[in-house]
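Here are my notes on the model, as numbered points. Have it open while you read.

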Amino acid sequence: MIHYKKDIHNIVTLTLDMSGRATNIINHEIWEAFVPVIEHLKQEKKRGILKGVILTSEKKTFLSGGDLDYLYQANDPNEIFTIAERMKRFLRDLEKPGVAVVAALSGSAIGAGFEVALACHHRIAVDDPKIGLGLPEVEIGLIPGGGGIIRLMWLLGIEKAFPILTSGHRYTPREALRAGIIDDLAPSHKAMLEQAKDWLLQNKESRRPWDRPNCKIPGGSAKDLKMGQRIREMAATLASKTHNNFPAPQAILNVLSEGSKVDFDTAERIESRYYTELVCSSECKNMIKAFWFDANYIKFGKNRPKGYGKFRPQKIGIIGAGLMGSGIAFACLQNGLEVVLKDVSKLIAERARDYVRSKLNTLIQIGEIQPKHADHILQRIKTTDVAHEFETCDLVIEAVFENAMLKQKVTKESEGYMDEYSIFATNTLSIPITKLAEASTRPENYVGLHFFHPADEVPLVEIVKGEKTSEETIARAFDFVKAIQKTPIVVKDVWGFYAARVQNTYILEGITMLLEGYPPALIENLGKQAGMPKGALALADDLGLNMVLDYENQAAAHYGSKYVQHPAVGVLLKMTEELHRPGRNKKAGFYEYLENGSRVLWSELKEHYPLVPTEYDYQELTDRFLFAQVLEAIWCMQEGVIQSVPAANLGSIYGWGFPSFKGGVIQYINDYGLEAFLDRCRVLQEKFGRRFKASKMLSELVAEPELIGDKANSW
Amino acid sequence: MTEAYIFDAIRTPRGRGKSNGALYEVKPIDLLTTLLQEIKNRNQLPTQEVDDVVIGCVNTIDDQGFNIAKAALIHARWPHHVSGMTLNRYCASGLEAVNMAAAKIRSGWGELCIAGGLESLSRIPLGSDGGPLIFDPEIISANDYVPQGISADLIATIENISREEVDRYALQSHQRAAAASLSENGHAHSSLIPIFDRNHMLLLDRDEHLRPDTTLEALEALPPAFAKLGETGFDEMTLHKYPMVEKINHIHTAGNSSGIVDGAALLLVGSKQKGKALGLKSRARIIAAATVSVEHTIMLTGAGPAAKKALALAKMDKKDIQLWECNEAFAAVVLQFQRQLDVSDDILNVNGGAISLGHPLGASGAMQLGILLNEMERRNLSTGLVTFCVGGGMGVATIIERT
């Protein structure tokens, strides 16, 4: 488990090698294995035959983080606190054998794994961009529990530690060096060990800064007036961004502030107490559910049609050098694929290369990649104005204007040159795939791939199945989306597919509140405070009011005589037809658009929609926003628009920014409690109509509330 | 019941609360000992008769720390059995000190008290004592606790108060203060005790913050003071509590907010009987005092409710009040108060206030009460009310009646 080797300089190298595992992980086993080793080192130090220690691993992972399966179900504060404190004691022992310890990182060290590295006196990493380092616990609603916050604070100061701890970022070794979380880079594993030895031979200090008398936290503690003021501003900035919905980053700031005022060991205990509270929090459980369990469900292809071999796309054709086409191109290039980008002229097609170049420059600036690497990436994109360049492509995606004729034209043109096996995909957001596929000579190889803007950043792609799209094409589209490291969700060919359809209910609910006479600012602010990325009215403006209306019209056509008109429809008609304010495109919608590029709510809105309520039930308005979406997502499940609970949850978080601290749009029900949710639906239905009626399928789950996730998975 | 009376009220001049202020070189304790000696001398006060000394002070740290009231009593050579304490009711500390002294008298647990306040903002700036509401990130975020300037701008936004209105109000404050201070009889000076150095060389004998030549143009040219602070996130925090607001309208500037100054004030408060025994002439009776608290994010709307509560305790109507002081923490605070209680301009803050003369936090309440009493005597009015908006959402008001 731990290999011990000593050289002539009395430097001991400890190599982690957990048997039967591809990676080394943090668990009881490793702590127990360390106990005699540390005891042995202490004895050696006493006898004067120990100069220093190198801690390393020969596996791809130096040491990975905590056990999420355990954390997801852990609910006993005593137990969680005890485990956190045991981990801390282990790390304290590790950093106090009386000699310096170097963490030599030739593999990734994330979360608790990186906390072990932080408990070493010096950190050297191999300069390999595949290595990930850092403390991304906030991503799952958690904070480091092994003293990571306190050590980082002591090493870098409160101001530098805070953004590192709250970014959730996984650092490449170069970035890590720049951020100050490691001390040195090495060109190779061997060189790293040499550098570690050299450092140990020169180093004379065996105590960490916090164990030395009179050593101070860089930049001062929260007791210092200036730092107190900075922390106040940091708190304001954080609260304004998170609207107090994410307890983990707040806990980090609290721990930094409180921990800076007391000694190291007390500070560590404070960290453990916050950690314990967070492990038990619903936000943490919801986020682990979404970003671990749901993500794994999709990653392991539970929604991928079975029985088809893995598709390994190498060359992708893209039609259209607009923002969408360029974004897709960049996503492909970043993941090692070749891209052929076509537009009406080579000049226009070159815009995509410019886009990629500017994105790469940003990455170079922040140190994520090196210029040489960027050049390699740029060499893999080819621009053209002729379709025969698609001959060798495995997949061609069109991202031209949202016009059926145009889309069909480019489909025909490209298919003429594509082989029988390759796929043609459309990135439409509102035209039925089945309709577009009519122009295809091979409709079974025709699929919708709905990227979200900005395509290189949003980690979700909707795979839309047309009437004739084959299962094999779906499987291959699935593999492609995974190849560019995005989350694929398979959706049905209905209006707005899944994401836009559900998002539209949020917009319509906001517009309905306007009709009811609520102040527009209230509508926008409560939407954002509920955790949505934008206010409903702002979102309507961005999409265009005609698009919002169009989705609802498609819903009306779909449901026919069963359709109950949404109260928002009247407002949309009035805004578009009577007041000629169709949205951002025309610089006039629910907002007015100022010269300086900003927007303010249209000042005349209150004349058309005078204020009525004098008191506001914030909770009710917030519930309406979220319940509308949750209920629509349930309809989508019932109608087979989306295939699984994990797809619905992650689709909602990535697709339109449904609150991740709720775990996504279906997990919301678990979080709320099924019974309570149904009760609340009844109240809302009574007051606001049938759109808040819980579907029958949801009601059926009352009998087995604990099964909502699992049962839904099997739908 | 025993009634509480005011026998005397004195104050120091207000020095600019910065390193260029005349009182910056003076230790805060010296302001207090000067006033203690003065109040003793001018009333020929047998100081052994004083039951307690209550001093309002917001930043009780460093030079103002460790109970500066008792420190000043020791240093002023008052008899050792006179006790002293400091209290913190933020901006109304000085007024609260008077109210507490009055409560001691009215309860019979004291017969004669000194009450007042002290603040040297040049030496000890606001926030020097830290505290959860301003430095603890958990408390700030969980409760949306924002700086006062943001709250003042929030009031203006909600009440639709314009930049022009607050600047006009500020101009009026300066004009009124200048008239009071520069007029021939200089009535604002009647209880102002100059501050001398240890060689009896004069340091300051007038309010230093006042700018008699201020113009509307000059006020209008000043940049908003809290816009940048708001951008760090505090604006958005206020929307958690007031989501009906689209955007905070930042209209307060250094010119229409209270000035940062140093100063101290003391009042001699006691029962009628004690006054008689010591040959003190009562100037006014303290009729009622009240504290309230409102929602803490908007924070500064407590002056109106405090005044109403005091009126109710006194069984009086707002029409019964002949002269009003509402602390000029920020122009919008006074304008909002004025709208709420419908108080005429002619009888509100007639000698200017904290905008023109400055706001020595802990001392202000005692100072304004003394100034109100002087003006009531000058105008021969019988009733007056002082009210303060206070940090944390609180409000404090006191009603006096001349005897």
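1. Let me start with β15 of chain A and its neighbour β16(A). Phe451(A) sits across from Val461(A) in β16(A). The two strands, β15(A) at residues 446–451 and β16(A) at residues 460–465, run antiparallel and are joined by four bridges. Strands count as paired if DSSP finds at least two bridges between them. Helices (H or I, at least four residues) and strands (E, at least two) are DSSP runs, numbered from the N terminus.

2. Before going further, some housekeeping: this is a predicted model, where local features need pLDDT of at least 70 and side-chain atom pairs count only at pLDDT 80 or more, while totals for chains, interfaces and linings use all residues. Residues are numbered from 1 along each chain as its sequence is written, and chains are lettered from A and ligands numbered from 1 in the order in which they are written.

3. Back to β15(A), which also pairs with β14(A) (residues 423–426), this time in the parallel sense, over three bridges. Val447(A) of β15(A) is the bridge partner of Ala425(A). Is β15(A) buried or exposed? Six of its six residues are buried (20 or more other C-beta atoms within 10 Å of the residue's own, against 12 or fewer for exposed and in between for partly exposed, with C-beta atoms placed from the backbone). Both faces are covered, with Tyr446(A), Gly448(A) and His450(A) on one side and Val447(A), Leu449(A) and Phe451(A) on the other.

4. Chain A also has an open, mixed sheet of six strands, in the order β1-β2-β3-β5-β7-β9. The edges are β1(A) (2–6) and β9(A) (184–186); each has a single partner strand, so one side of each lacks a neighbour in the sheet. On average, neighbouring strands are turned by 25° against each other, direction ignored. Axes here are lines fitted to C-alpha atoms (for helices, over the stretch in contact), and angles run from 0 to 180 degrees between N-to-C directions. At one edge, β1(A) and β2(A) (residues 11–16) run antiparallel, joined by five bridges, with Lys6(A) opposite Val12(A).

5. Which helices pack on this sheet? α1(A) touches β1, β2 and β3 of chain A, and its direction makes about 15° with that of β1(A). α8(A) (residues 189–202) touches β2, β3, β5, β7 and β9 of chain A, at about 165° to β5(A). Contact means C-beta atoms, placed from the backbone, within 7 Å.

6. α1(A) (residues 28–46) and α3(A) (residues 77–94) have axes that come within 11 Å and cross at roughly 30°. That makes the pair roughly parallel (under 35 degrees; over 145 is roughly antiparallel, 65 to 115 roughly perpendicular and the rest oblique). Trp31(A), Phe34(A) and Ile38(A) of α1(A) meet Arg86(A), Phe90(A), Asp93(A) and Leu94(A) of α3(A).

7. On to the contact between the chains: 21 residues come from chain B and 29 residues from chain A. On the chain B side, α4(B), α5(B) and α9(B) each give two or more residues, and α9(B) gives the most, with seven.

8. Last, α2(B) (residues 68–75) has Ile68(B), Ala69(B), Ala71(B), Ala72(B) and Leu73(B) as its buried residues. Their cover includes α1, β3, β4 and β5 of chain B. After α2(B) comes Arg77(B), with a positive phi near 60°.

Technical notes. Contact = placed C-beta atoms within 7 Å.
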